[in-house]
Amino acid sequence: SPLFHKFLKEALNKVPKDKCVTVRDALNQAMDEELERDERVFLLGEEVAQYDGAYKVSRGLWKKYGDKRIIDTPISEMGFAGIAVGAAMAGLRPICEFMTFNFSMQAIDQVINSAAKTCYMSAGLQAVPIVFRGPNGASAGVAAQHSQCFAAWYAHCPGLKVVSPWNSEDAKGLLKSSIRDDNPVVFLENELLYGVPFEMSEEAQSKDFTIPIGKAKVERAGSHITLVSHSRYVGHCLDAAAVLAKEGIECEVINLRTIRPMDVESIEASVMKTNHLVTVEGGWPQFGVGAEICARIMEGSAFNYLDSPVTRVTGVDIPMPYAKILEDHSLPQIKDIIFSVKKTLNV
Amino acid sequence: MKTMLAIISNALCRMTGRNAGAQTVSELLIGLSEYVTLTSPSPPASAQTQRQPPKPPPVSTRAAQLVSGQTTDQPVGPGARVVVSRSFADFTPQATFDIKKCDLHRLEEGPPLKAELTRDQGLQYYRTMQTVRRMELKADQLYKQKIIRGFCHLYDGQEACAAGIEASINPTDHLITAYRAHGYTYTRGVSIKEILAELTGRKGGVAKGKGGSMHMYAPHFYGGNGIVGAQVPLGAGIALACQYQGNNQLCVTLYGDGAANQGQLFESFNMAALWKLPCIFICENNKYGMGTSVERASASIDYYKRGDFIPGIRVDGMDVLCVREATKFAADHCRSGKGPIVMELQTYRYHGHSMSDPGVSYRTREEIQEVRTKSDPISMLKERMLSNNMASVEEFKEIDVDIRKQVEEAAQFATSDPEPPLEDLCNHIFYNNPPLEVRGTNPWSKLKSVS
């Protein structure tokens with residue numbers, strides 16, 4: 001009957017049309033949508049145009065937008081990062097891609113001294129609306145010079161925002177927010193996540209979907225212990241939580257999403273509930289993201305709720321080796337997280 | 001005496017519109033006798049018969065009144081005496097000057113060999129350069145009184161560069177330089193008051209006291225950059241934005257002979273040439289990078305050639321007209337879509353590298369003095385204008401007095417204006433951002449930051 005068909009149609013429309021999107025495609029969508037939305041936005045970097053991106057993140061963009069907006073640069077990080085910053089100062093909104101953040105070290109002066117500090121030095125006269133993005137941290141078998149995590153280095157500096165997405169929704173929503181932000185944003189991707197598909201809600205698929213910078217997300221609620229992480233290791237934490245749940249330990253997993261400004265309040269609220277905290281990151285332990293979380297927890301209201309000291313799970317304090325067995329043991333594995341949780345809970 | 005006569009004869013030639021030839025002063029004076037009479041013995045007979053006085057150029061009505069009863073055909077009798085006062089109409093409104101030829105690199109033609117200067121322009125350039133000069137000297141004074149702290153890199157001696165460049169570009173063009181930036185901050189539109197107050201770290205400074213000597217900004221002026229050479233890719237990026245936006249604007253990107261060896265310059269040259277960015281790269285070669293002479297720093301001191309595939313011009317940076325003509329030429333080159341161009345301005349700084357450098361350990365006092373006496377940019381312009389009767393000594397004096405007054409007033413402001421309030425400490429970290437909390441020196445110190 002027509003009434004039944006009407007009812008069925010309405011019901012079907014209400015079903016969320018989630019679909020699986022890889023992080024790579026989510027980043028691509030974000031850039032595509034922002035390029036379309038604002039003609040001042042453009043992308044420059046090595047191999048971003050005709051090669052479709054060293055990791056294919058910018059696939060199809062050059063074909064769609066052309067030479068003016070998708071620019072292949074020579075291998076001149078300091079030069080093209082400076083050019084990108086200058087363009088931002090003069091009214092454009094560049095996305096400056098570093099093929100990996102290891103190469104950003106060549107250009108770090110432009111990121112810090114020309115981009116991050118300028119708004120302050122000029123007392124607000126000169127804005128620098130730029131996004132520096134690219135893969136950060138360990139990959140697979142690329143050895144010491146291509147595996148460093150720069151989260152702590154960039155997050156140390158006032159004037160920068162440092163974002164580290166985990167899944168496709170994070171990638172898309174945060175990149176769009178970063179591009180729309182009038183300030184310099186360092187956007188740390190992860191090469192190993194590019195090909196991983198994640199479910200994206202219908203809402204996340206919309207052209208106006210953004211995720212606010214500076215707000216963490218509770219990916220899994222729990223009551224016994226808080227796990228805080230960013231980027232790839234959020235997935236490791238969730239996997240560890242699934243294993244621990246079978247043993248009756250309920251982990252609350254927090255995805256930082258933004259390293260700077262860090263959403264300490266979310267961590268504190270969780271710690272006040274669970275009384276235990278483990279931080280998980282891929283970077284080196286000394287002066288790292290976990291170290292900062294420990295310091296902040298100690299200084300804040302959540303300290304008195306801790307039943308044991310905070311535990312940091314980090315990469316091993318060595319340059320990254322090449323051999324697979326050595327590489328595997330240089331980074332946090334799920335069993336390391338499980339071990340640390342049990343130690344922290346004293347079980 | 002000979003120089004005196006030459007000066008007088010030049011002046012008279014300008015007045016009468018006659019060629020500066022081998023005429024004697026007395027002949028010229030006789031030529032003028034229809035409207036200025038002098039007490040003198042009878043002119044030699046040869047002069048009277050050989051020369052017919054030409055029709056005089058337009059004179060002031062006052063002068064004409066004083067020369068009553070005279071006709072252009074009658075020679076003047078001896079003994080008559082008239083006093084004529086100067087007025088603006090007596091000044092040469094415009095003159096053409098020879099300027100030094102520029103050395104060229106990868107260019108068939110260069111800037112013109114002659115520059116036209118109107119009286120108004122001349123006075124304006126003089127005023128600009130003298131203002132920068134006096135402002136820098138005032139900064140020197142304030143630094144020695146410890147009212148200015150930290151870095152202070154002074155520009156005196158190099159004024160013709162800033163003035164000449166500004167005279168040739170539009171206010172809508174863009175400019176970026178390194179840390180010897182006070183001159184450009186002024187030519188790009190910031191007041192002396194705001195510059196000095198920034199140097200003294202007061203809230204009335206152009207960057208509210210947050211930036212200091214090396215970090216002053218204005219519309220279309222991007223500082224003021226402390227890291228040697230970093231401003232060059234920035235300038236190329238600004239040029240990219242001009243090209244991208246299709247607004248026919250260009251970017252003047254300045255650097256010194258020291259920065260000329262930075263790798264990022266060559267990266268910028270490559271990309272600017274590749275993409276034909278409308279960027280004028282200008283090397284202000286003042287012979288010394290801090291305490292290192294150009295010979296000790298660079299394998300090639302032909303800085304105008306260092307752009308390799310980019311055409312270059314070497315310019316006399318002490319002559320404001322030379323700088324202006326060269327920059328005009330360079331601007332035309334960029335605006336016509338030919339891509340970037342390199343200019344080397346040969347100039348000189350009287351002060352040391354900064355206020356902590358006396359500037360005499362790596363160069364002689366004699367050298368500095370020689371430049372001051374023979375090539376000072378302000379003196380050169382003034383002499384040119386005086387010897388061509390484009391302005392009077394009194395006029396220049398008036399301008400000097402006025403500038404001195406302005407600089408003094410600005411210094412007064414800069415020393416009396418309060419320092420920025422502590423509430424401002426954490427502001428302006430971000431642009432267009434909701435307020436945020438900033439950690440102070442200890443965990444209980446929670447400071448506020450607004451955009």
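Select A:Glu47 to begin: with 35% relative accessibility, this residue counts as partly exposed (buried is under 20% relative accessible area, exposed is over 50%, and partly exposed is in between, using a 1.4 Å probe and protein chains only). A:Glu47 sits in the loop between E2 and H3 of chain A. Helices here are DSSP runs of H or I with at least four residues, strands are runs of E with at least two, and both are numbered from the N terminus. Check the backbone as well: phi of A:Glu47 is near 65°, a positive value in a residue other than glycine. Most residues other than glycine have a negative phi, and most peptide bonds are trans.

A word on what you have open: this is a predicted model, in which local features need pLDDT of at least 70 and side-chain atom pairs count only at pLDDT 80 or more, while totals for chains, interfaces and linings use all residues. Residues are numbered from 1 along each chain as its sequence is written, chains are lettered from A and ligands numbered from 1 in the order in which they are written, and side-chain values use heavy atoms, with hydrogens and water left out.

**Along the loop to A:Ser58**

Stay in chain A and pick A:Ser58, in the loop between strand E2 (41-45) and helix H3 (61-65). Is A:Ser58 buried or exposed? A:Ser58 counts as buried, at 0% relative accessibility. Show its surroundings, and beyond residues up to four places away in sequence you will find A:Asn28, A:Met31, A:Leu43, A:Val48, A:Asp52 and A:Gly53 touching A:Ser58; contact means heavy atoms within 4.5 Å.

**Three more stops in chain A**

Next, select residues 108-116 of chain A, which form helix H5. Because 7 of its 9 residues are buried, this helix is largely enclosed by the rest of the structure. Colour the buried ones in H5(A): A:Asp109, A:Gln110, A:Val111, A:Ile112, A:Ser114, A:Ala115 and A:Ala116.

Go on to A:Ser139, in the loop between strand E5 (131-135) and helix H7 (151-155). A:Ser139 is buried, at a relative accessible area of 12%. Apart from neighbours within four places in sequence, A:Ser139 is in contact with A:Glu191, A:Leu192 and A:Glu327.

Then jump to A:Pro261, in the loop between strand E12 (258-260) and helix H11 (264-274). Which residue leads into A:Pro261 through a cis peptide bond? Look at A:Arg260: the bond from there to A:Pro261 is cis, with omega near 0°.

**Zoom out to chain A**

Now show the whole of chain A, with its 14 helices and 14 strands. The C-alpha trace spans about 70 × 60 × 45 Å along its principal axes. Buried residues make up 58% of the 347 residues in chain A. Of the contacts in chain A with a separation of 6 or more, 81% are between residues 24 or more positions apart. Chain A exposes about 14200 Å², and carbon and sulfur atoms supply 57% of that area; accessible areas come from the Shrake-Rupley method with a 1.4 Å probe, and for residues only the protein chains shown count as cover.

**Across to chain B**

Display both chains and select the residues where they meet. Here 45 residues of chain A are in contact with 35 residues of chain B. The two chains bury about 3500 Å² between them, 67% of it on carbon and sulfur atoms (buried area is the accessible area, with a 1.4 Å probe, that two parts lose on being put together, summed over both). On the chain A side, highlight A:Ile83, A:Tyr120 and A:Met121, which lose the most area to chain B, together 20% of what that side buries.

**Inside chain B**

Hide chain A for a moment: chain B has 15 helices and 12 strands. Buried residues make up 52% of its 451 residues.

Select B:Met135 in helix H5 (residues 119-144) of chain B. B:Met135 counts as buried, at 0% relative accessibility. Setting aside neighbours within four places in sequence, B:Met135 is in contact with B:His182, B:Tyr186, B:Ile192, B:Ile195, B:Leu196 and B:Val407. Try a distance too: the C-alpha atoms of B:Met135 and B:Val294, 159 residues apart along the chain, are separated by 28 Å.

Finish at B:Asn389, in the loop between helix H14 (377-387) and helix H15 (393-416) of chain B. B:Asn389 has a positive phi of about 55° although it is not a glycine, and B:Asn389 is buried, with a relative accessible area of 6%.
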